[in-house]
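Open the model in your viewer and keep the sequence panel beside it. The tour goes stop by stop, with something to select at each.

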Amino acid sequence: MEKRALGTSGLEVSALGLGCMGMSFGLGPAADKQEMIQLIQKAVERGVTFFDTAEVYGPFTNEELVGEALAPFRGQVTIATKFGFDIDLATGQNRGGLDSRPEHIKAAVEASLKRLRTDYIDLYYQHRVDPNVPIEDVAGVVKDLIQAGKVKHFGLSEAGVDVIRRAHAVQPVAALQSEYSLWWREPEQEIIPTLEELGIGFVPFSPLGKGFLTGEIDEHTEFDKSDFRNTVPRFAPEARKANQALVNLLGRIAQEKNATPAQVALAWLLAQKPWIAPIPGTTKLHRLEENLAAASLELSADTLQELEQAAAQITVQGDRYAPAQQKMINR
Ligand SMILES: NC(=O)c1ccc[n+]([C@@H]2O[C@H](COP(=O)([O-])OP(=O)(O)OC[C@H]3O[C@@H](n4cnc5c(N)ncnc54)[C@H](OP(=O)(O)O)[C@@H]3O)[C@@H](O)[C@H]2O)c1
């Protein structure tokens, strides 16, 4: 698969990574661990070198899964994980808030390294900006971790442009990971131009709209009670019904291209900038293969324009987060 440089950081990853969260957390019950280990290893065989996890996914089952699956391939892959939630490191209890205090980061990184079965983390993101800790302090701790060899690159997630600039001035940021897809295009306003100016790579999360943009979900779909999408206004049945227009558009383009809606959604992201590397998630091998094939789906300028014009006619309904989650996005 094509490799992409995440900005000017020197970090190079497969154009499509693999988001591992849903294998253990967030999107319904955890999948079978042995099956997920095989799936991650099959992704490596198929050229994926970029794997995404976080301390909070579980906690801590997803990092354990990723660590076990990738241990045999450690030198060949980029492992990205995240810190910054208020998690009791001894018990794994998620207290529901944020904690990027330097002492917490220093303890969290040691625990993540153990679970990931490695002595360095390739890309260590602050998961959410902590309003109680100056970003300069966070960047300073990560700088120390980089100097100590425990971390290779610094990342931020869902940070705003001021925070990105302030962090970058202390420790260069290699990548920002934030939501970006055909149904969440806010990053185009300020974020993407800032990343371009500063030479920071962009890693879009939920690039398939948490599954919605694939066409496999409609207003009748019922999610497991543990599925976080039950709380998302954009996934309320009436919003799903209204947002079907976007899926229909993707379906139309997909048909023209002999592709699938998921592939068009990913190819559209890849076409936006050469320093974007999305991380779609799946628990199924046939979908992994479908998604990876998007890396070789070229959308012509005419197709991109057609998509752009048609998408501009559609207003997406529903917030992307419930108020409790939205509150944690501090720009
Ligand atoms: N930084 C952050 O705050 C943040 C937030 C959310 C996510 N993330 C990261 O981003 C990664 C991806 O995001 P995400 O999981 O939220 O959303 P996503 O990748 O947009 O969508 C994942 C969902 O789509 C389904 N799916 C995947 N490929 C499909 C296909 N070809 N056809 C039909 N359905 C398909 C998956 O179900 P199946 O498993 O059944 O295939 C799953 O339910 C996560 O794994 C996580 O690492 C980060």
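**First stop: two cis bonds**

Select Pro 59, which sits in the loop between β4 (50–52) and α2 (61–70). Helices (H or I, at least four residues) and strands (E, at least two) are DSSP runs, numbered from the N terminus.

Before going on, note that this is a predicted model, where local features need pLDDT of at least 70, side-chain atom pairs count only at pLDDT 80 or more, and totals for chains, interfaces and linings use all residues. Residues are numbered from 1 along each chain as its sequence is written, and side-chain values use heavy atoms, with hydrogens and water left out.

Back to Pro 59. Display the backbone on either side. The peptide bond from Gly 58 to Pro 59 is cis, with omega near -25°. Now step to Phe 60, also found in the loop between β4 and α2. The bond from Pro 59 to Phe 60 is cis as well, with omega near 5°.

**Second stop: the sheet**

Switch to cartoon view. Look for an open sheet of seven strands with parallel pairing, in the order β3-β4-β5-β8-β9-β10-β11. β3 (18–19) and β11 (201–205) stand at the edges, each with a single partner strand, so one side of each has no neighbour in the sheet. Two strands count as paired if DSSP finds at least two bridges between them. Strands of a sheet pair through backbone hydrogen bonds, either parallel or antiparallel.

Select β8, residues 121–126. Are its residues buried or exposed? Six of the six are buried, so β8 is largely enclosed by the rest of the structure. Buried means under 20% relative accessible area, exposed over 50%, and partly exposed in between (1.4 Å probe, protein chains only).

Now look to either side of β8:

- Strand β5 (residues 78–83) runs parallel to β8, and four bridges join them.
- Strand β9 (residues 151–157) also pairs with β8 in the parallel sense, over five bridges.
- Gln 126 has Leu 156 in β9 as its bridge partner.

Add helix α4 (residues 135–147) to the selection: β8, α4 and β9 make a right-handed β-α-β unit. Right-handed here means that, with the strands pointing away from the viewer, the path from the first strand over the helix to the second runs clockwise.

Zoom in on Thr 81 in strand β5. Thr 81 stands opposite Tyr 124 in β8. Thr 81 is buried, with a relative accessible area of 0%. Show side chains: a polar contact of 2.5 Å joins those of Thr 81 and Glu 63. A polar contact is a pair of N or O atoms within 3.5 Å; within protein, one must be able to donate a hydrogen and the other to accept it, and residues adjacent in sequence count only if both atoms are side-chain atoms.

Move on to β11. Strand β10 (residues 173–179) pairs with β11 in the parallel sense over five bridges. Use Ala 175 as a marker, since it stands opposite Gly 201 in β11.

**Third stop: loops after the strands**

Select Glu 158, in the loop between β9 and α5 (161–170). Glu 158 has a positive phi of about 60° although it is not a glycine. At 2% relative accessibility, Glu 158 counts as buried.

Next, go to Ser 206, in the loop between β11 and α7. What is its phi? Phi of Ser 206 is near 45°, a positive value in a residue other than glycine. Ser 206 is buried at 15% relative accessibility.

Phe 235 has its place in the loop between β11 and α7 (237–257). Phe 235 is buried, with a relative accessible area of 2%. Draw a C-alpha to C-alpha distance to Phe 223: the two are twelve residues apart in sequence and 10.0 Å apart in space.

**Last stop: the ligand**

Select the ligand and the residues around it. How many residues surround the ligand? There are 31, and the closest are Asp 52, Leu 208, Thr 282, Thr 283 and Lys 284. A residue belongs here if one of its heavy atoms lies within 4 Å of the ligand. Helix α9 (residues 285–292) gives the largest share of this shell, three residues.

Now check three atom pairs:

- An N or O atom in the side chain of Arg 128 is 2.9 Å from a ligand oxygen atom.
- A backbone N or O atom of Gly 19 lies 3.3 Å from an oxygen atom of the ligand.
- A polar side-chain atom of Glu 290 lies 3.3 Å from a nitrogen atom of the ligand.

Finish with a surface view. The protein covers 94% of the 900 Å² of accessible area that the ligand has on its own. Accessible areas come from the Shrake-Rupley method with a 1.4 Å probe; for residues, only the protein chains shown count as cover.
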